[in-house]
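Reader: Could you take me through this model, beginning with how far its parts can be trusted?

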Amino acid sequence: MSAIVSGQHSLFADAGGLKRPTLRPYQDRGVAEILACLQRRADPLYALPTAGGKTTIFTAVTEVVVGQGWEVWIIVHRRELLRQASERLLAMGISHGLIAPGEPLTNDPVQVASVDTLLARLDSLRHRLTKVRLAIIDEAHHVVASKWQRVLEAMSKALRLGVTATPFRYDGKGLGEHFRQAIEGPSVAELIRDGYLAKPAIFAPPANLDLSKVKKRGGDYVAADLAKAVDTDELTLPAVRHYARICGGVPAVVFCAGVEHARHVAQQFAAGGWAAASIDGEMTTAERDRAIRSLATGRLSVLTSCDIISEGTDLPIVGAAILLRPTESTGLYLQQVGRVLRTYPGKTEAIIIDQVGNVAKHGMPDERRLWSLDGGLKGLERAVAATRRCRYCHFVCAKGPTHCPHCARAYPKPPVAAVPEVALATMPGIAGLSADRIARMKLCDILPLAETEQDLRQVAAIKGYKRGWVQRVLDERAAVTARGYMQRRYA
Ligand SMILES: [Zn+2]
């Protein structure tokens with residue numbers, strides 16, 4: 001392999017001599033492995049976590065093979081991805097055409113194509129497509145869709161290179177029908193260790209969520225049912241409150257279950273005093289771009305959406321992801337949390353507020369996952385990789401430590417025996433604690449658990465506090481939030 005890295009590969013002998021932006025060591029390795037695969041005519045699928053720089057890698061591959069006279073078409077399924085690929089090629093001085101609405105066809109041997117436009121022009125492009133030597137498929141986990149199949153079949157002589165952060169279908173099945181060799185780049189944990197990704201800080205406050213009536217299809221929840229189940233004040237209002245308490249003011253994206261849900265959530269954040277907006281496919285691209293830019297410039301704090309943000313949108317400034325869409329798909333979960341892991345000056349961690357149990361279900365984002373082309377996603381590398389949630393601050397980490405890494409409080413030992421209940425025990429408890437236990441706890445310990453006004457009323461009743469105490473605590477929390485906002489704003 002080292003011979004290839006140093007550019008001595010027989011087919012791509014000039015690779016080392018070409019001008020290109022300095023690649024990170026793992027990117028260099030990835031390019032070499034992909035080229036070696038292509039020379040063996042084994043269609044590679046290259047896996048690299050979100051924000052690992054897959055565009056950089058496949059444009060570097062493009063540069064090498066175009067130098068050998070290959071015709072290369074890069075196929076994407078989102079406008080944002082088209083723009084990213086095109087910008088990167090331009091930065092490397094590679095002239096190319098665009099197969100996109102309103103763009104004329106050019107003779108450039110490199111084309112960046114929107115899969116939908118390609119499909120619409122399939123008949124007129126059919127002859128040209130037979131000349132393509134390499135089809136690069138961005139976000140390659142989508143390749144199973146029939147439109148991709150029709151486009152790829154038209155490129156009958158082309159080798160394939162797929163790139164994705166989630167090298168399996170959204171239902172977890174493998175992509176072995178479409179690619180012949182898997183190449184695995186560094187893991188999320190390795191990229192965090194080396195400073196290429198931000199470390200996730202996950203908070204999973206307990207939530208009132210009932211999915212028993214939500215049907216499933218194709219391995220995930222049916223969207224319309226799901227939107228109905230999660231579009232509730234019981235879920236949204238705590239999300240607004242936790243955002244304010246944990247990271248108020250930090251640019252945040254909220255993943256929702258539907259367009260209406262996204263709009264309602266944006267309204268609730270706005271009602272909570274945050275500059276918030278939602279984006280969806282019904283808006284014009286200019287409107288969407290404006291909203292996304294507003295998040296980057298600080299005019300907006302919170303941007304909600306259903307599908308628009310989860311792939312392709314490159315928003316390094318975003319410091320927080322709020323998960324309001326439960327999913328059975330590990331791939332979708334990883335794509336969503338991946339949006340927030342990109343590094344940015346002043347961003348020390350990537351905050352993830354999970355209101356819907358996705359982290360508990362799928363594991364930590366930086367957990368190593370096993371997969372193969374034929375078998376798909378096999379699960380987590382560690383046999384036991386359960387997560388642990390702190391009941392005081394709701395911080396989540398992989399099981400192991402005895403104290404919460406965030407607030408340093410000790411995790412409770414396994415329960416020994418039930419505390420004898422007294423008359424107060426008939427009252428509903430907070431965070432699973434009996435009223436009797438609450439009565440004996442110090443206020444400083446019970447306060448972090450009492451999240452809602454209702455919880456505070458219970459504490460007041462159990463401890464016999466005067467009227468007005470609840471309001472005073474609420475006012476203090478609001479003040480802390482405002483201070484936190486000032487402290488946490490990015491430089
Ligand atoms: Zn804690």
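Reader: Where at the start of the chain does pLDDT stay under 50?

Author: It stays under 50 over residues 1-11, for which the model has 21 contacts beyond four places in sequence. Here pLDDT is the predictor's confidence in each residue, from 0 to 100, and two residues are in contact if their C-beta atoms, placed from the backbone, lie within 7 Å. Over residues 417-426 pLDDT also stays under 50, with 13 contacts beyond four places in sequence. This is a predicted model, in which local features need pLDDT of at least 70 and side-chain atom pairs count only at pLDDT 80 or more, while totals for chains, interfaces and linings use all residues. Residues are numbered from 1 along each chain as its sequence is written.

Reader: And what is the average pLDDT of the chain?

Author: The average is 86, and 88% of the residues score at least 70.

Reader: How many helices and strands are there?

Author: The chain has 18 helices and 19 strands. They are DSSP runs numbered from the N terminus: helices are H or I with at least four residues, strands are E with at least two.

Reader: How do the axes of H6 and H7 cross?

Author: The axes of H6 (residues 122-129) and H7 (residues 146-154) come within 9 Å and cross at roughly 40°. Axes are lines fitted to C-alpha atoms, for helices over the stretch in contact, and angles run from 0 to 180 degrees between N-to-C directions. H6 and H7 are therefore oblique to each other; angles under 35 degrees count as roughly parallel, over 145 as roughly antiparallel, 65 to 115 as roughly perpendicular and the rest as oblique.

Reader: Which residues make that contact?

Author: Leu 122, Arg 126 and Leu 129 of H6 meet Arg 150, Val 151 and Ala 154 of H7.

Reader: Turning to H17, which of its residues are buried?

Author: In H17 (residues 453-463), Leu 456, Gln 458, Val 459 and Ile 462 are buried, meaning that 20 or more other C-beta atoms lie within 10 Å of their own (exposed: 12 or fewer; partly exposed: in between; C-beta atoms placed from the backbone). They cover an arc of only 155° around the axis, which puts them on the same side of H17. The arc is that of the directions from the helix axis to the C-beta atoms. Gly 464, with a positive phi near 75°, follows H17.

Reader: Is Glu 177 buried or exposed?

Author: Glu 177 counts as exposed because it has 12 C-beta neighbours inside 10 Å. Glu 177 lies in the loop between strand S6 (159-164) and strand S7 (181-184). Glu 177 and Asp 374 are 7.8 Å apart, C-alpha to C-alpha, though 197 residues apart in sequence.
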